[in-house]
Amino acid sequence: MYGHIYKMAQAIAEGVRLVEGAEVELRRVPETLPEGVLEKMGATAAQKGQAQVPVCTVDELAGADAVIFGTPT
C-alpha cells in the first residue's frame, strides 16, 4: 500500500540480477481497495509509483522457476 514491499521486491530483483543466467520479473496483484479509501489512507502516491509493474496472471506463475511473495501486515 505504501511501497514497503515494492522496495523489498526491488532489492531482491537487484540481487537476482547479479546471478549469471538468472532472470527476474516483478509483478503485483490487483489492488482491492477503492481509490477513495486509498486517498484517505494517504496511499495514492505510492500506488502510482508502482503502476508500471504489471499485474500478475495465474498463467505466469506456472511458468516461473521460483516465486517470491511479499505480504504487508
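Is L26 buried, exposed or partly exposed? L26 is partly exposed, because its relative accessible area is 25%, where buried means under 20%, exposed over 50% and partly exposed in between, with a 1.4 Å probe and protein chains only. The model described here is predicted: local features need pLDDT of at least 70, side-chain atom pairs count only at pLDDT 80 or more, and totals for chains, interfaces and linings use all residues. Residues are numbered from 1 along each chain as its sequence is written, and side-chain values use heavy atoms, with hydrogens and water left out.

**Overall architecture**

- The protein chain contains 4 helices and 0 strands; both are DSSP runs numbered from the N terminus, with helices (H or I) of at least four residues and strands (E) of at least two.
- The pattern along the sequence is α-α-α-α.
- The C-alpha trace of the protein chain spans about 45 × 25 × 20 Å along its principal axes.
- Of the 73 residues in the protein chain, 11% are buried.
- One residue that is buried is L38, because its relative accessible area is 3%; L38 is placed in helix α2.
- In helix α1 lies I5, which counts as partly exposed because its relative accessible area is 27%.
- I5 and G70 stand 65 residues apart in sequence, while their C-alpha atoms are 5.9 Å apart in space.

**The largest pocket**

- The largest pocket holds about 1,600 Å³ of space.
- A pocket is found on a 1 Å grid over the protein atoms alone, as an open set of points with protein on both sides within 12 Å along at least five of seven lines, where a 1.4 Å probe fits; its lining residues have an atom within 4 Å of a point.
- Grid points are joined across faces, edges and corners, and the volume is the space filled by probe spheres set on the points.
- The lining of the largest pocket consists of 38 residues, and those closest to the centre are L26, R27, R28, I68 and F69.
- Two or more residues of this lining come from each of α1 and α4 (58–62).
- Helix α1 gives the largest share of the lining, 8 residues.
- By residue class, the lining has 23 nonpolar, 8 polar and 7 charged members; Ala, Val, Leu, Ile, Met, Phe, Trp, Tyr, Cys and Pro count as nonpolar, Asp, Glu, Lys and Arg as charged, and the others, Gly among them, as polar.

**The loop between α1 and α2**

- L26 lies in the loop between α1 and α2, and R28 is found in that loop as well.
- R28 is partly exposed, because its relative accessible area is 26%.
- From C-alpha to C-alpha, L26 and Q52 are 9.9 Å apart, with their positions 26 residues apart in sequence numbering.
- For R28 and Q52 the C-alpha distance is 9.9 Å, at 24 residues apart in sequence.
- The C-alpha atoms of L38 and L26 are separated by 22 Å, although these residues are 12 residues apart along the chain.

**Salt bridges**

- There are 2 salt bridges, each defined as a side-chain nitrogen of Lys or Arg within 4 Å of a carboxyl oxygen of Asp or Glu.
- One salt bridge joins the side chains of R27 and E25, at 3.0 Å from N to O.
- A salt bridge also joins the side chains of R27 and E60, at 2.8 Å from N to O.
- The pair of R27 and E60 links distant parts of the chain, with R27 in the loop between α1 and α2, E60 in helix α4, and the two positions 33 residues apart in numbering.
- E25, R27 and E60 are thus linked in a network of salt bridges.
- R27 counts as partly exposed because its relative accessibility is 32%, and E60 is partly exposed because its relative accessible area is 31%.
- E25 counts as exposed because its relative accessibility is 57%.

**A nonpolar surface patch**

- Y2, L33, V37 and M41 form a nonpolar patch on the surface, and together they have about 310 Å² of accessible area.
- Such a patch is made of residues with over 30% relative accessible area and no salt bridge, with nonpolar side chains (Val, Leu, Ile, Met, Phe, Trp, Tyr) joined within 5 Å and like charges within 9 Å.
- Accessible areas come from the Shrake-Rupley method with a 1.4 Å probe, and for residues only the protein chains shown count as cover.
- L33 is placed in the loop between α1 (4–17) and α2 (35–40), and L33 counts as partly exposed because its relative accessibility is 31%.
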